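Trainee: Could you give me a close look at one part of this model, the helices and what their side chains are up to? I'd like one connected walk-through rather than a list.

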Amino acid sequence: MTTDPSIRRQAMAAGLISIALWSSLALLSVLAGPIPPFQMVAMTFSVGAAIGIVRALSRGVGWAGLVGWPARVWLLGIGGLFGYHALYFAALQLAPPAEANLINYLWPLLIVLLSAPLAGERLGWPHLAGAALGFAGVALLAFGRGLNFADSHALGYLLALGCAFAWSIYSVLSRRFGETPTDAIAAFCAASALLSLACHLAFERTVWPASGTAWLAVLALGLGPAGSAFYFWDHAVKRGDIRALGAISYATPILSTAILVACGLAEPTGTLIAAALLVTVGAVLASRELWKR
């Protein structure tokens, strides 16, 4: 665990930036239009990889310094980035989006719970209560839209649960590889883009963005939620308070819905306000140690 308060504060700020960027995902996806999911990942992750490559080369890091990682680091990175998205898209094909998303959003709670056995963190009641309140807020938002868990979609629900475990395990275990620099994310994004391209060519029909606005939205996705956010998140989970980060991550779907409301793409509801309050209280509880300091 990082003990330097200034480093931890910087890392937590990086985590908040990731969450803010991920909250723009829904809006940008709407603006990008109906692009097949694996094609979208291939395009946006290519931009994300380019960000890291340019960043590394500008600092004098050679190509060997971008790809020279042990096999276990490659497995973790590709499993986290590509594995999560592959499972997520498969879940959406086999289960209703609302139900699949609710199960998928177990990942912040799992980050909190897994931080003890996998990262050696000490869990107190504020962390557990904060994560539970955060999930309650997201569940309230989801049930407000109407949910119906049917047995016929069991495989889709299982894949969505796989999403939650994939991202939470990736996030927590990244802390175990704290000596691996964030430059590695560029290599993981590039490999994930190639794997997504292969899946796209095998399973999808190519659909290019239909307008200049759609192209800009794809570029913004690659620069933000499907690019820079991964670099900020890597720094956050390796140097920050991962227990608090898990609970605070529940702000992502709440902020995402709020952005859609602000842009006139969704209706404001009392459920959204109640969900936001639950997530806020949960985040404050889980980050109690940081506030005390």
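Mentor: Start just past helix 3, where Gly-60 follows with a positive phi, near 85°. Bear in mind that this is a predicted model. Helix 3 itself covers residues 37-58, which makes 22 residues. From its first C-alpha to its last, helix 3 reaches 32 Å, close to the 32 Å you'd expect at 1.5 Å a residue.

Now for the aromatics. Searching the whole structure turns up 15 aromatic pairs. Take Trp-74 and Phe-188: their ring centres sit 5.9 Å apart with the planes at 75°, so the pair counts as edge-to-face. What does that pair tie together? Trp-74 lies in helix 5 and Phe-188 in helix 10 (residues 184-203), so the contact links parts that are 114 residues apart in sequence. As for cover, Phe-188 is buried, with a relative accessible area of 5%, whereas Trp-74 is partly exposed at 23% relative accessibility. That label holds because the cut-off for buried is under 20%.

There's also one aromatic cluster to pick out on your screen, and its members include Trp-22, Tyr-84, Tyr-88, Phe-89, Trp-107 and Trp-233. Phe-38 and Phe-45 are among the cluster's members too, and helix 3 spans residues 37-58. On helices in general, an α-helix has 3.6 residues a turn, so residues three or four places apart point the same way.

Back to helix 5, which runs over residues 71-94 and has Leu-94 in it. Leu-94 joins Leu-155 and Leu-158 in a nonpolar patch on the surface, and together they have about 280 Å² of accessible area. On its own, Leu-94 counts as partly exposed, at 36% relative accessibility.

Last, the cysteines. How many disulfides does a search of the whole structure find? The count is 0. Cys-163 is in no disulfide, and the nearest cysteine sulfur, which belongs to Cys-199, is 14 Å away. A disulfide needs the two sulfur atoms within 2.5 Å, so that distance rules the pairing out. Cys-163 is also buried, with a relative accessible area of 0%. Cys-189 is in no disulfide either; for this residue the nearest cysteine sulfur is again that of Cys-199, 16 Å away. Cys-189 is buried as well, at a relative accessible area of 0%.

Definitions and conventions. Residues are numbered from 1 along each chain as its sequence is written. This is a predicted model: local features need pLDDT of at least 70, side-chain atom pairs count only at pLDDT 80 or more; totals for chains, interfaces and linings use all residues. Side-chain values use heavy atoms; hydrogens and water are left out. Buried means under 20% relative accessible area, exposed over 50%, partly exposed in between (1.4 Å probe, protein chains only). Patches are made of residues with over 30% relative accessible area and no salt bridge: like charges are joined within 9 Å, nonpolar side chains (Val, Leu, Ile, Met, Phe, Trp, Tyr) within 5 Å. Accessible areas come from the Shrake-Rupley method with a 1.4 Å probe; for residues, only the protein chains shown count as cover. A salt bridge is a side-chain nitrogen of Lys or Arg within 4 Å of a carboxyl oxygen of Asp or Glu. Helices (H or I, at least four residues) and strands (E, at least two) are DSSP runs, numbered from the N terminus. Rings of Phe, Tyr and Trp (its six-membered ring) pair if their centres lie within 6.5 Å; planes under 30 degrees apart count as stacked, over 60 as edge-to-face and the rest as tilted. The expected span of a helix is 1.5 Å times one less than its number of residues.
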